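Before turning to the details, please look over the sequence and the model together. The paragraphs that follow begin with one helix and then move to the links between cysteines and to the chain as a whole.

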Amino acid sequence: CGGKTPRTSLGVCVLLRYNLLCLKMASTVQHCSSKHSLSYSYLQVSGPSQGLPQFLSMVHLDDQPIARYDNHIRMLEPLVPWMEKVKMKSCLDPDWVFRADLKSPQNAHPQNEGLHTWQAILGCELGEGGSKGYFHYSYDGMDFISFDNETFRWVTAQPHAQKVKEKWEDHPGWFQENKDFLEETCPVLLKRYLSFGKEALQRTEPPVGKMNSKVVDDSLEVLTCQAFGFYPKEIQTTWTRDGEACVYETLRRNVAPNSDGTYYVWLSIEIDPKEKNHYWCHVMHDDLQEPLLLAWKEEPDEKLQHPAPTLERMRKKKKVSAKPSQILRCRV
């Protein structure tokens with residue numbers, strides 16, 4: 001496949017209007033069947049416009065949205081059917097998350113300069129080694145301060161955060177509340193949600209494959225392989241040429257969630273149009289009995305999708321010497 005310079009994969013961002021931020025969610029963490037996570041994400045917006053909501057809040061279980069905070073009744077609103085069976089008293093109050101101590105950096109910027117955002121994400125992960133909590137803040141899309149779960153200290157990422165750090169570490173009550181939530185409350189809630197959502201989390205949905213093509217000029221064409229509608233998140237997708245993995249030539253988009261709780265991913269490759277019939281897209285998922293092998297037909301509007309033939313059959317057909325180890329099964 002040649003040896004072009006590797007391209008950097010695009011990160012998954014949550015984009016909000018007005019170009020406010022790129023919010024790192026729990027969904028950016030690679031999902032693993034032996035690890036579960038519960039996260040609370042918050043966004044607070046302040047500025048001259050009174051039409052914007054004061055804050056937004058979501059709850060994710062294993063990177064799936066399960067509830068959101070209703071600003072009017074100050075209660076959690078279920079987003080999945082099984083959450084209606086869970087007795088939810090309340091969510092972490094935004095006033096508790098966005099403390100008055102956080103206003104000092106914001107006061108340094110006159111409100112007429114535009115909008116300002118505070119982001120917070122806190123939660124816990126539960127795995128074979130036990131639970132681990134996290135608590136991160138960012139201001140205007142930049143890391144601000146975070147809680148070190150091992151040293152139980154606040155770690156600053158900006159000079160403006162030093163004063164906040166000093167206030168928080170001199171406040172034993174605030175410190176204890178954080179420690180209790182991360183070490184005790186969050187793991188208990190995580191286990192509780194898992195018990196109610198077990199059936200939904202254990203479901204499987206196979207991916208649907210689709211191939212697109214875009215001709216740039218006579219010597220360049222871009223093939224794009226898409227897999228969508230699958231669950232769980234783990235999937236292996238690879239471009240190959242005559243059975244050999246095309247690693248450096250592939251531009252890959254990270255696995256991203258759909259609104260219905262499933263996932264999608266795509267990867268593209270630039271090729272010589274004359275060599276198009278040599279390229280195949282391999283898709284492997286736990287809910288597939290056999291891998292999918294997608295290729296572009298000669299007809300521009302027709303796509304081909306069928307179970308992948310074995311490498312032995314490909315060698316006989318293509319007369320190539322590729323070994324099984326040469327097929328790189330990338331985990332996205």
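This is a predicted model, and a good place to enter it is helix α4, where the buried residues are Trp174, Asn178, Phe181, Leu182, Cys186, Pro187, Leu189, Leu190, Tyr193, Leu194, Gly197 and Leu201. The helix runs over residues 172–201 and so has 30 residues, yet its end C-alpha atoms are only 38 Å apart, whereas a straight helix would reach 44 Å at 1.5 Å a residue. A bend of about 50° is found in α4 at Ser195.

One of the buried residues of α4, Cys186, leads on to the disulfides, of which a search of the whole structure finds two. A disulfide is a covalent bond between the sulfur atoms of two cysteines. Cys186 is paired with Cys124, and their sulfur atoms lie 2.2 Å apart, which is within the 2.5 Å that defines a disulfide here. The link of Cys124 and Cys186 is left-handed, with -90° about the S-S bond. Because Cys124 belongs to strand β7 (residues 116–127) and Cys186 to helix α4, this pair ties together parts that are 62 residues apart in sequence. Where do the two partners stand with respect to the surface, buried or exposed? Cys124 has a relative accessibility of 1% and therefore counts as buried, and Cys186 is buried as well, with a relative accessible area of 0%, given that buried means under 20%.

The other disulfide joins Cys225 to Cys281, with an S to S distance of 2.1 Å, and the link of Cys225 and Cys281 is left-handed, with -75° about the S-S bond. This pair links distant parts of the chain, since Cys225 is in strand β12 (residues 220–230) and Cys281 is in strand β18 (residues 279–284), 56 residues apart. Cys225 is buried at a relative accessible area of 1%, and Cys281 is buried at 0%.

Stepping back to the chain as a whole, the secondary structure of the protein chain comes to five helices and 20 strands. Of the 332 residues in the protein chain, 43% are buried. When contacts in the protein chain between residues at least 6 apart in sequence are considered, 57% of them join residues at least 24 apart. The accessible surface of the protein chain comes to about 18400 Å², and carbon and sulfur atoms account for 50% of that surface.

Definitions and conventions:
Residues are numbered from 1 along each chain as its sequence is written. This is a predicted model: local features need pLDDT of at least 70, side-chain atom pairs count only at pLDDT 80 or more; totals for chains, interfaces and linings use all residues. Side-chain values use heavy atoms; hydrogens and water are left out. Helices (H or I, at least four residues) and strands (E, at least two) are DSSP runs, numbered from the N terminus. Buried means under 20% relative accessible area, exposed over 50%, partly exposed in between (1.4 Å probe, protein chains only). Contact means heavy atoms within 4.5 Å. Accessible areas come from the Shrake-Rupley method with a 1.4 Å probe; for residues, only the protein chains shown count as cover. The expected span of a helix is 1.5 Å times one less than its number of residues. The bend at a residue is the angle between axes fitted to the seven residues ending there and the seven starting there.
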